[in-house]
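Got the viewer open and your selection box ready? Let's walk through this one stop by stop.

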Amino acid sequence: DDWVSKTTLCFVNHKCVDITDESSAIEAQARAKFLDRWGLTDIISLNGSSDGKKEADDYESKMKALPESKLPRDEDGFPVFDLSLVGVGDDGHIGSLYPNRDEIDIVDGPWVTAAFQKDPPSISLTLPVMQRAQTTVISAAGQSVKYPNGKAGAMRLAIADEAVTPKDFPASALRECAIWILDEANASEMELDMSTVEKAVADA
């Protein structure tokens with residue numbers, strides 16, 4: 001199948017910057033690394049301003065303009081993506097939903113929110129949108145001299161620590177609805193049976 005022509009790409013989060021700025025714009029970086037090479041052109045882009053509220057509102061409007069044949073909605077009116085790739089920070093942030101901030105509390109409101117944790121601000125899909133994807137994948141792999149176990153601590157909190165809440169560690173909100181792909185280092189703080197990517201995809 002020609003999957004490229006059938007694919008529409010939206011960003012889980014994106015800084016409110018010029019979208020051609022490869023130093024800070026996720027879209028520009030993605031285009032340079034793989035989107036242009038793949039030939040994927042159906043991309044929902046930001047306007048490229050630093051106005052977080054307007055960028056979030058406009059991005060949601062662009063998403064809502066997509067027909068349901070392209071972006072289905074569930075019974076609550078939220079979009080249902082086929083696939084969502086979500087990153088997790090050491091502090092547990094997902095997209096631009098950071099711990100102990102109001103953005104993580106959105107459960108029945110907008111699809112997209114402005115996030116003012118940093119300057120310039122970002123936009124982010126809200127938690128209910130991330131949770132509703134048919135398949136959500138979170139991957140943590142690799143290590144460094146500074147972080148010999150990668151994000152092992154963050155992965156343990158996100159996956160296994162029953163004491164954390166989405167408010168203080170947002171990634172835990174995806175615990176039950178994501179496929180977690182970890183290498184041995186990043187899984188080292190948990191007692192897990194290691195599998196393979198092929199088996200995880202097959203089981204999903």
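Start by selecting R175, and keep in mind that this is a predicted model. Is R175 buried or exposed? R175 counts as buried because its relative accessibility is 15%, and the cut-off for buried is under 20%. To find R175, look in the loop between α4 (152-159) and β6 (178-182).

Now show the side chain of R175 and follow where it goes: it reaches the backbone oxygen of L157 at 3.0 Å. Next, bring up what surrounds R175. Leaving aside neighbours within four places in sequence, R175 is in contact with L157, A158, I159, A160, D161, E162, V164 and W180.

One of those contacts, D161, is your next pick. The side chain of D161 meets that of R156 in a salt bridge, at 3.6 Å from N to O. R156 itself is partly exposed, at 29% relative accessibility.

While you are looking at charged pairs, the count of salt bridges comes to 13. Jump to helix α2 (residues 52-64) and select E60 and K64. The closest N and O atoms of this salt bridge are 2.9 Å apart. How many residues separate E60 and K64? They are 4 residues apart in the helix, so about one helical turn lies between them. Color by accessibility here: E60 is buried at 11%, while K64 is partly exposed at 44%.

Go on to D36 and R31, whose side chains meet in a salt bridge at 3.6 Å, N to O. D36 is partly exposed at 49% relative accessibility, and R31 is partly exposed too, at 27%. Add E27 to the selection: salt bridges with shared partners join E27, R31 and D36 into one network.

For something nonpolar, select W38, which lies in helix α1 (residues 26-38). W38 counts as partly exposed, with 40% relative accessibility. Switch on the surface and add W3 and F34: together with W38 they make a nonpolar patch of about 310 Å².

Last stop, the cysteines. How many disulfides are there? The count is 0. Select C10 and C16 to see why: the sulfur of C10 has its closest cysteine sulfur in C16, 15 Å away, which is too far for a bond. Then try C177, whose closest cysteine sulfur is that of C10, at 18 Å, so again too far for a bond. C10 counts as buried at 16% relative accessibility, whereas C177 is partly exposed at 28%.

Definitions and conventions. Residues are numbered from 1 along each chain as its sequence is written. This is a predicted model: local features need pLDDT of at least 70, side-chain atom pairs count only at pLDDT 80 or more; totals for chains, interfaces and linings use all residues. Side-chain values use heavy atoms; hydrogens and water are left out. Helices (H or I, at least four residues) and strands (E, at least two) are DSSP runs, numbered from the N terminus. Buried means under 20% relative accessible area, exposed over 50%, partly exposed in between (1.4 Å probe, protein chains only). A polar contact is a pair of N or O atoms within 3.5 Å; within protein, one must be able to donate a hydrogen and the other to accept it, and residues adjacent in sequence count only if both atoms are side-chain atoms. Contact means heavy atoms within 4.5 Å. Patches are made of residues with over 30% relative accessible area and no salt bridge: like charges are joined within 9 Å, nonpolar side chains (Val, Leu, Ile, Met, Phe, Trp, Tyr) within 5 Å. Accessible areas come from the Shrake-Rupley method with a 1.4 Å probe; for residues, only the protein chains shown count as cover. A salt bridge is a side-chain nitrogen of Lys or Arg within 4 Å of a carboxyl oxygen of Asp or Glu. A disulfide is a pair of cysteine sulfur atoms within 2.5 Å.
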